[in-house]
Amino acid sequence: MTPQHPDPPRTSDVIVVGGGAAGLSLAHRITATGPMSVTVVEPPDGPARPPERTWCYWDRDTGDLDAAVTASWPRLRVHGADGRPVTVDPAPLRYRMLRSGAFERLVHQRLAASPGGQVLRATADTVHDVPGGAEVRCTDPDGRPLTLRARHVFDSRPLSALPPARTQLLQHFRGWFVHTARERFDPAVADLMDFRVPQPRHGLAFGYVLPLAPDRALVEYTEFSRAPLTTEAYEAALGQYARHVLRLGPFTVEAAEQGVIPMTDARFPRRAGASVFRIGTAGGATRPATGYTFAAVRRHSAAVAAALHDGHDDIPAPHGRRALAMDAILLRALDTGRVDGPAFFTGLFRRTPPERLLRFLDGATSLREEWGIGLRTPVGPMLRTALEVPFLPRRHRPAPSAPPAPTGVSHR
Ligand SMILES: Cc1cc2nc3c(=O)[nH]c(=O)nc-3n(C[C@H](O)[C@H](O)[C@H](O)COP(=O)(O)OP(=O)(O)OC[C@H]3O[C@@H](n4cnc5c(N)ncnc54)[C@H](O)[C@@H]3O)c2cc1C
């Protein structure tokens, strides 16, 4: 019998493990920046792949994402717990939404059209250093082993456990894509935080409304707290918000979306080996105090691609130290209940020029601007928390158990 020899490893300059927001952003940026071969390893359709999601971010223009952006809003609104709205125009920034499926199709097409890009359907099993680079051992859709090698590997697979943290909250939510019988939405305004919902005993809760047409919107119920709810509890909260706060009248739920985003002051190691780097949420790209990740992975991808094309792998962190320090203080202040979450966020929108506030949330403000913003927050509780945080130990926290994320259809 002829002995079975495994196929020789396939090589490329870069391997990106996981073709989600971070992996595809990076692969796209590397191939668009210059001649480098990139293989994206993404599992075939099945349980390893997350369901389709909605990603929002703010930016001056759609840039190279024009074909994937499905909606955008020039104005943002926050409703205080007292019901008073504050509507702001963050020009030149605009809030934009894309669906992960459209983003994936767009980037797959661009990679296929580029000389060095390819998406390989396989599940990565192990990633480790080898002389001269790193190796990814995978299983292809037919169950056959496959070995890939590259000078650099960027791994965006979700971590099995979050690193130790001083504070760990979860941003957890469920949303309905609703179709109303009457025109109930203003397509020019996105409701970022609507605090006219009953507040949980710990943390905070708000509604989120992204109008897609006068009679269509994504309506979400979100909490920042320690544990996700059951699907029944989200449904009840969404029903109450849609009927009694938004007063939508008769409506149909066309699809649903559910998720959990960790809000943690953990330190995410960026390097998992001499030639292996973590990116995306697994590499600390999720902004701890807001959960926003999409814009950060785009900025980070540009920095990584520039470093690789310059011939080095001195990869910067996705967020600056000052931004992370401020988020650690806010997370702790919210978790201890020292600051009133709804009043804090509503106050930020009432008192800060909107473009500056969004730049602040992107970590792109100067120290002077940050002092100005800080002085408009509850100074006493924030200062007390700032003095306490450096002395708190980082501990392992219970893993956030992700609730199912159905995209079912129901009628009411
Ligand atoms: C429902 C939801 C809505 C969100 N909305 C927003 C938003 O509006 N704005 C925002 O900024 N952030 C949002 N986030 C947070 C964040 O942007 C997303 O979680 C984003 O997907 C993170 O990008 P990522 O690349 O780190 O992870 P993912 O996009 O999840 O990518 C990880 C990839 O790894 C792949 N993978 C897993 N296992 C393997 C394996 N063994 N081998 C190979 N590949 C593997 C998966 O298939 C997946 O494609 C949202 C999160 C969720 C869950």
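Two strands count as paired if DSSP finds at least two bridges between them. Helices here are DSSP runs of H or I with at least four residues, strands are runs of E with at least two, and both are numbered from the N terminus.

What you have in front of you is a predicted model, in which local features need pLDDT of at least 70 and side-chain atom pairs count only at pLDDT 80 or more, while totals for chains, interfaces and linings use all residues. Residues are numbered from 1 along each chain as its sequence is written, and side-chain values use heavy atoms, with hydrogens and water left out.

I will start with strand S13. On one side, S13 pairs with strand S14 (residues 204–213) in the antiparallel sense, through two bridges. Within that pairing, Asp-194 is opposite Gly-207 of S14. S13 also pairs with strand S5 (residues 75–79), this time parallel and over five bridges. There, Arg-77 has Asp-191 of S13 as its bridge partner.

How many of the six residues of S13 are buried? Six of the six, residues 189–194, so the strand is largely enclosed by the rest of the structure. Buried means under 20% relative accessible area, exposed means over 50%, and partly exposed is in between, with a 1.4 Å probe and protein chains only.

Next, a separate piece of sheet. Three strands form an open sheet in the order S3-S7-S4, and the pairing is antiparallel. Strand S3 (54–59) and strand S4 (69–73) are the edge strands, each with a single partner, so one side of each has no neighbour in the sheet. From one strand to the next, the twist averages 25°. Angles, here and below, run from 0 to 180 degrees between N-to-C directions, and axes are lines fitted to C-alpha atoms, for helices over the stretch in contact. S4 and S7 are joined antiparallel by four bridges, and the partner of Trp-73 in S7 is Tyr-95. Helix H2 lies across S3 and S7, at about 80° to S7. Contact, by the way, means heavy atoms within 4.5 Å.

S7 also borders a loop with a cis peptide. The bond from Ala-91 to Pro-92 is cis, with omega near 10°. Pro-92 is in the loop between strand S6 (85–88) and strand S7 (94–99).

Now the helices. Two packed helices are described by the angle between their axes and the distance between the axes. Helix H1 (residues 21–33) packs on helix H2 (residues 100–113) at about 30°, with the axes 10 Å apart. That makes H1 roughly parallel to H2, because angles under 35 degrees count as roughly parallel, over 145 as roughly antiparallel, 65 to 115 as roughly perpendicular and the rest as oblique. The contact residues include Leu-24 and His-28 of H1, and Phe-103 and Val-107 of H2. By class, this contact has six nonpolar, four polar and two charged residues. For the classes, Ala, Val, Leu, Ile, Met, Phe, Trp, Tyr, Cys and Pro count as nonpolar, Asp, Glu, Lys and Arg as charged, and the others, Gly among them, as polar.

H1 also packs on helix H4 (residues 294–309), at about 40° with the axes 8 Å apart. Which way do the two crossings turn? The crossing of H1 and H2 is left-handed, and that of H1 and H4 is right-handed. A crossing is left-handed if the near helix is turned anticlockwise from the far one by less than a right angle, and right-handed if clockwise. Among the residues meeting in the H1–H4 contact are Leu-26 and Ile-30 of H1, and Val-297 and Leu-308 of H4. That contact has ten nonpolar, four polar and two charged residues.

The third helix pair is H7 (residues 354–361) and H8 (residues 367–374), at about 110° with axes 11 Å apart. H7 is thus roughly perpendicular to H8. Arg-356, Arg-359 and Phe-360 of H7 meet Glu-369, Glu-370 and Ile-373 of H8. By class, that is two nonpolar, no polar and four charged residues.

Two loop residues to finish. Arg-247 is in the loop between helix H3 (231–245) and strand S16 (251–264). Its phi is positive, about 50°, although Arg-247 is not a glycine. At 58% relative accessibility, Arg-247 counts as exposed. Ala-161, in the loop between strand S11 (145–155) and strand S12 (168–180), counts as partly exposed at 48%. The C-alpha atoms of Ala-161 and Arg-397 are 9.0 Å apart, with the two positions 236 residues apart along the chain.
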